[in-house]
Amino acid sequence: MAKAINLPNGRVWKTQTAALTHFKEMLGRYADNDVVEDRADHDDLIALLERYDSAVTDQPSKIGGGVDLFFRKRNVFDGFSTPSFWARRTDGSETDFSYIWGVKGEPKSDAQEFHDACRASVNADLAAAKRYHFKAHGDTNGRVPCELTGELIGIEEAHLDHAYPTFGHLVVTFRAARGWQHDVPVGILSQPADGQATTSFIDPTVSQAFVAFHHSAALLRIVRAKVNLAMAAGQRKPKVKQPVAI
């Protein structure tokens, strides 16, 4: 039976082969020394690296204190070289990693649970920020411009997008800052229970810390919900004409 590959950012492939093809094609879209500027690619690599770190616990963390960017670089061996993804950390250090091993690894289940707990911590704030943005900036019909198309849209048509960094990047950076790249301490995440729709933080101080971090780092924008996801990804750090305040 085919084994599905699930990344912490929500990306799913029905088979390991499909996931490997995705990252192989991604690598082929970049030239040597090119920075991965596409936000969707960047977010997938962040999630893949989190999966890698969760699976390979007997080696130093690839994420370290957090990742600033990814780029393609050739790994030189005796008589030949191969292209690979490299990560540049926030402290300036760099490391290569194998997307093949990242896909094939078995991540701990707390990766997605931690992501879900972070999302649960800010969901109410995001919903409130979206409502306020439309109230403060809407025209006589309550519409605001889509940041991608310039088209006026109503709140029901709109998606509140993390323009930069992606939400997955924020989660990984927050987790790394607390030294939880490999494991989340016992007592931090809620245990599965009947009627529990999502994982949450048991310790309110952790939830509050993520909320504060998210508020300080997230750049939000309004885009049409049905806009093509590739278009929404755009550049790694897009310009936002009218950011949504939290």
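Let's start with helix 2. Helix 2 lies across strand 3, strand 4 and strand 5, at about 80° to strand 3. Helices (H or I, at least four residues) and strands (E, at least two) are DSSP runs, numbered from the N terminus. Angles run from 0 to 180 degrees between N-to-C directions, and axes are lines fitted to C-alpha atoms, for helices over the stretch in contact.

A word on sources. This is a predicted model: local features need pLDDT of at least 70, side-chain atom pairs count only at pLDDT 80 or more, and totals for chains, interfaces and linings use all residues. Residues are numbered from 1 along each chain as its sequence is written, and side-chain values use heavy atoms, without hydrogens and water.

Now the sheet. It is open, with 3 strands in the order 3-4-5, and the pairing is antiparallel. Two strands pair if DSSP finds at least two bridges between them. Strand 3 and strand 5 (94-97) are the edges; each has a single partner strand, so one side of each has no neighbour in the sheet. The twist averages 35° from one strand to the next. Strand 4 (residues 81-89) and strand 5 share 4 bridges. A87 has T95 of strand 5 as its bridge partner.

Next, helix 5. Is helix 5 mostly covered or not? Mostly covered: 10 of its 11 residues are buried, meaning under 20% relative accessible area with a 1.4 Å probe, protein chains only. What covers them includes helix 2 (39-55), strand 3 (67-76) and helix 6, with contact meaning heavy atoms within 4.5 Å. After helix 5 comes G179, with a positive phi near 75°.

Definitions and conventions
Buried means under 20% relative accessible area, exposed over 50%, partly exposed in between (1.4 Å probe, protein chains only).
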